[in-house]
Amino acid sequence: MAESNDTVTIATGEGAAGTRLLGIGAYRPERVVSNEEICEKIDSTTEWIYERSGILNRRFAGPEETVIMMASSAAERAVKSAGIDVESVDAMIVCSSTYESMTPHAAPKVAMNIGRNGIAAFDLTAGCAGFGYGLAVATNMIRGGGARYVVVVGVERMSDGIDPTDRNTAFIFGDGAGAVVVGPSDEGNDVGPVVWGSDGEQADAIKQTKNWREFMDEAADGASVQPYLVMDGSKVFRWAAVQVSKVCAKTLEATDVTAEQIQAFIPHQANGRINSAMAKHLGLPDTVAIANDIEQTGNTSAASIPLAMETMLREGQAEPGDIALCIGFGAGLSYAGQVVRLPAKPPVD
């Protein structure tokens, strides 16, 4: 007689007790686009853009600097920084909202490019909070036994979906990729629990002008204009300044870390004024290093936190082992906050 289903025990995976960030890598496109160049197509000034956003320059990817190319380069550098054999990597998560293809998705190609064809590989789309979501998924995979070493990439080509004549968005966004290697920790946990969520009631604050089906219908009629990203900047600013500050406080509470113990604050690089307001609201000490990658990189959506982290480590604004508060927020409207111990310095090319 066959065994009853009631007597069958399904085993659970045996994962690590803790996780840590082992290494970091970044890719920044060659082309630097100044505020002066942006102002050639919008009615504005360099001073107005900087005062409103904190941005002086941003990078735009060229034809050869695809999402796959940038993600692969950042991932390779992260593995090198981590000091592990690439054969140890057994999962790849690519966080992006700008990969041009629904099928095939990006992650399997990126895994193949770094020499790990065949591993678990998938894309994750959560707008500007994407990297935080990807990091949370990676840590849960490791703790649950589904993987041991995971590469998490945040990568965007935001310039593809921006109307260069739109005064509300043309100056904000840039392109690039950042990646980390997440691995097991036998000496405690260095990646805190995620505090994440979304507000669908305000989802239209950041949206496309049309969805792809509407675009295809227009194309069939011979009158198509590509979808562009549009944003209600005032609504997003108010939401971020109030709601995201609360998320930061909840993240510290969930991790049992105080503001005085934070050594680096790495928020999504959406707006310099928002980041300053959040730091003040949290009461962070003056000794805390605050990421300001937005000044030279702009808002790179899912890539912004790892890019900012890489800059801080490379330029000595923060050191490996420092405790950092990270918070991603944006389209969705979605958010994800984590406290992490910073990884090894990025590799020198």
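Nine salt bridges are counted in this predicted model. One of the pairs joins Arg116 to Glu87, with 3.3 Å between the closest N and O atoms, and this pair links distant parts of the chain, 29 residues apart. Beyond these charged pairs, the briefing covers the overall form of the protein chain and the surroundings of two residues, Thr169 and Gly130.

**Salt bridges between separate elements**

- In the pair of Arg116 and Glu87, Arg116 sits in the loop between helix H4 (106-113) and strand E5 (120-124), while Glu87 belongs to the loop between helix H3 (67-82) and strand E4 (91-95).
- Arg116 has a relative accessibility of 15% and therefore counts as buried, since the cut-off for that class is under 20% relative accessible area.
- A salt bridge also brings together the side chains of Arg341 and Asp190, at 3.3 Å from N to O.
- Because Arg341 lies in strand E14 (residues 334-341) and Asp190 in the loop between strand E7 (175-185) and strand E8 (195-198), this pair ties together parts of the chain that are 151 residues apart in sequence.
- Arg341 has a relative accessible area of 35%, and so it is partly exposed.

**A network of charged residues**

- Arg28, Asp293, Glu310, Arg314 and Glu315 are linked to one another in a network of salt bridges.
- Within this group, Arg314 forms a salt bridge with Glu315, and the closest N and O atoms of the two residues are 3.9 Å apart.
- Arg314 counts as partly exposed, because its relative accessibility is 43%.

**Charge and surface of the whole chain**

- The protein chain carries 27 positive and 45 negative charges, and the mean positions of the two sets are 3 Å apart.
- The accessible surface of the protein chain amounts to about 15,900 Å², and carbon and sulfur atoms account for 49% of that surface.
- Of the 349 residues in the protein chain, 53% count as buried.

**Overall fold and dimensions**

- The protein chain contains ten helices and 14 strands, and its C-alpha trace spans about 75 × 55 × 45 Å along the principal axes.
- A compact globule of 349 residues would be expected to have a radius of gyration near 20 Å, and the value of 20 Å for the protein chain agrees with that expectation.
- Among contacts in the protein chain with a separation of 6 or more, 77% are made by residues that lie 24 or more positions apart.

**Surroundings of Thr169**

- Thr169 is placed in the loop between strand E6 (150-157) and E7, and it is buried, its relative accessible area being 0%.
- When neighbours within four places in sequence are left aside, the contacts of Thr169 are with Ile162, Asp163, Leu229, Val230 and Met231.

**Surroundings of Gly130**

- Gly130 is part of helix H5 (residues 130-144), and with a relative accessible area of 1% it is buried.
- Apart from neighbours within four places in sequence, Gly130 is in contact with Cys95, Leu124 and Ala302.
- Gly130 and Gly154 are 24 residues apart along the chain, and their C-alpha atoms are separated by 7.1 Å.

Methods
Residues numbered from 1 in each chain as written. Predicted model: local features only at pLDDT ≥ 70, side-chain atom pairs only at ≥ 80, totals over all residues. Heavy atoms only, no water. Helix = DSSP H or I, 4+ residues; strand = E, 2+ residues; numbered from the N terminus. Rg over C-alpha atoms; globule rule 2.2 N^0.38 Å. Buried < 20%, exposed > 50% of the residue type's maximum accessible area, 1.4 Å probe, protein only. Contact = heavy atoms within 4.5 Å. Areas by Shrake-Rupley, 256 points an atom, 1.4 Å probe, with all protein chains shown as cover. Lys, Arg positive; Asp, Glu negative; His and termini not counted. Charge placed at Lys NZ, Arg CZ, Asp CG, Glu CD. Salt bridge = Lys/Arg side-chain N within 4 Å of Asp/Glu carboxyl O.
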